[in-house]
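Please open the model in your viewer and keep the selection panel within reach. The tour below goes from one selection to the next and says what is to be found at each stop.

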Amino acid sequence: MSVTTTNTRITYGLDIGGTKIEIGLFDNDLKLIDSWRVSTPTQDYNEFLNAIAALISEADKRSGQQGTIGIGMPGILDKNARVKSANVGCATGKPIVADLEKLLGRSVAVANDCRLFALSESCGGAGDNKPIVYGAIIGTGAGGGLCINGQLYQSGNNIAGEYGHMPASGHLIQKYNLPTRQCGCGLVGCSEVYIAGPGLGWLYNHFGSGSQSTTKFVSDLRDKDPIAVKTFDCYMAFLGSAFSTLVLSYDPDIIVVGGGLSKIDEIITALPNAINNHLFDGVESPLILRAVFGDSSGVRGAAILGKQHAENH
Ligand SMILES: [Zn+2]
């Protein structure tokens with residue numbers, strides 16, 4: 001019989017990206033006690049699984065126990081628990097949860113990384129103690145998730161909260177005389193192609209700047225350049241419209257915003273009014289706050305998922 005010298009149960013949070021896999025070891029109070037990264041094998045599925053197994057084995061060695069495991073990755077898990085991920089091509093179509101559980105000999109919880117961002121912010125982050133928290137990423141893509149009482153809302157298609165792939169407002173497309181653009185998801189005219197980082201860059205170029213750089217856009221906006229100002233007005237209209245659908249769908253107590261574009265003060269400041277412009281009288285934007293756990297939300301959210309999964313099973 002083993003002797004337990006501590007009550008601390010360690011949870012491992014893994015954040016799988018297209019280039020790196022990061023692992024964070026968290027104690028009972030979600031304090032990060034160790035973390036490191038390795039390269040992501042994206043070509044060969046067995047290499048990919050083995051890289052995760054090696055990380056877990058090293059984590060077991062460092063923690064002196066078999067920690068519980070939560071994993072976040074870009075893409076979606078369909079209703080048959082098969083992954084669809086543009087960033088980790090070799091995992092697409094594979095039953096990653098079943099394969100990892102077989103390989104690791106323990107339970108594994110996997111979810112989309114944007115949804116885990118929401119979970120992290122609803123547990124100890126900007127949305128702590130708020131009953132209904134929507135976490136929205138505006139970065140390379142536009143994704144998010146809904147949390148109710150500190151738990152990620154998950155159901156059949158594992159898709160609730162994917163606001164980036166709701167259709168962009170036809171009214172705004174007409175008003176700004178824009179083409180309906182093809183989205184990477186296969187649909188046409190999704191919000192993401194106007195509101196994510198590349199969408200903002202596209203708008204800026206479309207209005208005549210000759211540049212798709214969001215850094216140049218921000219600097220020009222601060223210099224009150226007319227093309228940057230026009231781009232900002234258009235961008236905020238699309239973002240406000242997209243977020244207004246979150247209010248109408250979920251009526252959250254707070255929307256926590258993360259990702260690269262959330263670091264632009266002008267966007268965060270203008271957002272509540274931009275949302276209100278798309279809501280009728282008597283309905284108002286909820287509190288909008290920037291995320292507390294920026295870049296660490298991936299491993300942290302994954303660890304919370306792993307911890308909650310272990311507690312519920
Ligand atoms: Zn789409």
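How many bridges join strand β11 (residues 254-258) to β12? Select both strands in this predicted model, and you will find that four bridges join β11 to β12, with the two strands running parallel. For one of the pairs, pick Val-257, whose bridge partner in β12 is Arg-290.

Next, widen the selection to the whole sheet, which is open and has five strands in the order β10-β9-β8-β11-β12, with mixed pairing. Its edge strands are β10 (151-152) and β12 (287-290), each of which pairs on one side only.

Now add the helices that lie on this sheet. Helix α3 (residues 113-122) lies across β8 (132-138), β9 (142-148), β10 and β11, and runs at about 40° to β9. Helix α8 (residues 226-250) also packs on the sheet, where it touches β8, β9 and β11, and its direction makes about 160° with that of β8.

For the last stop, select helix α1 (residues 45-63) together with helix α2 (residues 96-104), whose axes come within 10 Å and cross at roughly 45°. The two helices are therefore oblique to each other, and α1 passes α2 in a right-handed crossing. To see the contact itself, show the side chains of Leu-49, Ile-52, Ala-53 and Ile-56 on α1, and those of Asp-99, Leu-100, Leu-103 and Leu-104 on α2. Coloured by class, this contact of α1 with α2 shows seven nonpolar residues, no polar ones and one charged residue.

Conventions
Residues are numbered from 1 along each chain as its sequence is written. This is a predicted model: local features need pLDDT of at least 70, side-chain atom pairs count only at pLDDT 80 or more; totals for chains, interfaces and linings use all residues. Axes are lines fitted to C-alpha atoms, for helices over the stretch in contact, and angles run from 0 to 180 degrees between N-to-C directions. Angles under 35 degrees count as roughly parallel, over 145 as roughly antiparallel, 65 to 115 as roughly perpendicular and the rest as oblique. A crossing is left-handed if the near helix is turned anticlockwise from the far one by less than a right angle, and right-handed if clockwise. Two residues are in contact if their C-beta atoms, placed from the backbone, lie within 7 Å. Ala, Val, Leu, Ile, Met, Phe, Trp, Tyr, Cys and Pro count as nonpolar, Asp, Glu, Lys and Arg as charged, and the others, Gly among them, as polar. Two strands pair if DSSP finds at least two bridges between them.
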